[in-house]
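Me: I'm new to this structure and would like a close look at one part of it, the nonpolar core. Could you take me through that part and then show me how some individual residues sit around the rest of the chain?

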Amino acid sequence: MSDEEDLEPLLKYAREGCVGLSVVVVVAEMKAGAGATFAEMTTALLSVVGMLIDRGAVPGDLVDEEPCFVAWPGSKSEILGRLACEIKAMGEIPETGEVCWIHDPGPGRGL
């Protein structure tokens, strides 16, 4: 599969709501290959999240107030740097609900 084919389902989910990182990790695993190290998986995950950012989706947090999704501030490189630091601090690839969610906040797509 191509990157576009791999990303399209994630982008669809991100337009409808929020995507947990475990779903994004599946695409990253395909990109990194079987037996990938933690460092290789982290690189692949950051690459996939970067491609999602390029297509309008953003990492952020779910909160208990309106709006219920708050995008992480900063440039693409700042956001990916934050994600890399948080993954490194965890010492493992995050599951859904850990670190952040991915959402496409395009026009008319509020949560």
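Reply: Here is a walk through the core, with the overall layout before it and a handful of single residues after it.

Keep in mind from the start that this is a predicted model. The protein has four helices and four strands, and if you read along the sequence they come in the pattern α-β-α-α-β-β-α-β. The radius of gyration is 13 Å, close to the 13 Å that the globule rule gives for 111 residues, so the protein is as compact as a globular protein of that length. If you put a box around the C-alpha atoms along the principal axes, it comes out at roughly 40 × 30 × 25 Å.

Now for the part you asked about. The largest nonpolar core has 29 residues. Which of them have the most contacts inside it? Those are V24, V48, L52, L83 and I102. Four helices each supply at least two residues of this core: α1 (3-16), α2 (21-32), α3 (38-54) and α4 (76-90). Of the contributors, α3 gives the most, with nine residues. As background, nonpolar side chains in soluble globular proteins tend to be buried together.

V48 is a good place to zoom in. Leaving out residues up to four places away in sequence, V48 touches L7, L10, V24, V27, A28 and K31. One of these partners, V24, is also among the residues with the most contacts inside the core.

Staying with helix α3, have a look at M41, which has its place there. Is M41 buried or exposed? With a relative accessible area of 9%, M41 is buried, since anything under 20% counts that way. Beyond four places in sequence, M41 touches V25, A28, E29, A32, A36 and I93. A28 is worth a second glance, as it also turns up among the residues that V48 touches. Going by C-alpha atoms, M41 and G91 are 12 Å apart in space, with their positions 50 residues apart in sequence.

Next, hop over to helix α4, where you'll find K76. K76 counts as partly exposed, at 33% relative accessibility. If you set aside residues up to four places away in sequence, K76 touches G50, I53 and D54. The C-alpha atoms of K76 and D54 are separated by 8.4 Å, while along the chain the two are 22 residues apart.

Just along from there is G56, in the loop between α3 and β2. G56 is partly exposed too, at 34% relative accessibility. Its contacts, apart from neighbours within four places in sequence, are H103, D104 and P105. By contrast, G56 and E66 are 10 residues apart in sequence and 21 Å apart in space, C-alpha to C-alpha.

Then there's G60 in strand β2 (residues 58-62). At 0% relative accessibility, G60 counts as buried. Skipping residues up to four places away in sequence, G60 touches F69, V70, A71, W72, C100 and W101. As for E5, which is 55 residues from G60 along the chain, the two C-alpha atoms are separated by 24 Å.

One last residue has an unusual detail to check on screen. V99 has a positive phi of about 75° although it is not a glycine. You'll find V99 in the loop between α4 and β4 (101-103). Loop or not, V99 counts as buried, at 17% relative accessibility.

To finish, zoom back out to the whole protein. Of its 111 residues, 38% count as buried. Take the contacts between residues at least 6 apart in sequence: 62% of them join residues at least 24 apart. The accessible surface comes to about 5900 Å², and 56% of that belongs to carbon and sulfur atoms. As for charge, there are 8 positive and 19 negative ones, and their mean positions are 6 Å apart.

Terms used
Residues numbered from 1 in each chain as written. Predicted model: local features only at pLDDT ≥ 70, side-chain atom pairs only at ≥ 80, totals over all residues. Heavy atoms only, no water. Core = buried A, V, L, I, M, F, W, Y, C linked by side-chain atoms within 4.5 Å. Buried < 20%, exposed > 50% of the residue type's maximum accessible area, 1.4 Å probe, protein only. Contact = heavy atoms within 4.5 Å. Rg over C-alpha atoms; globule rule 2.2 N^0.38 Å. Areas by Shrake-Rupley, 256 points an atom, 1.4 Å probe, with all protein chains shown as cover. Lys, Arg positive; Asp, Glu negative; His and termini not counted. Charge placed at Lys NZ, Arg CZ, Asp CG, Glu CD.
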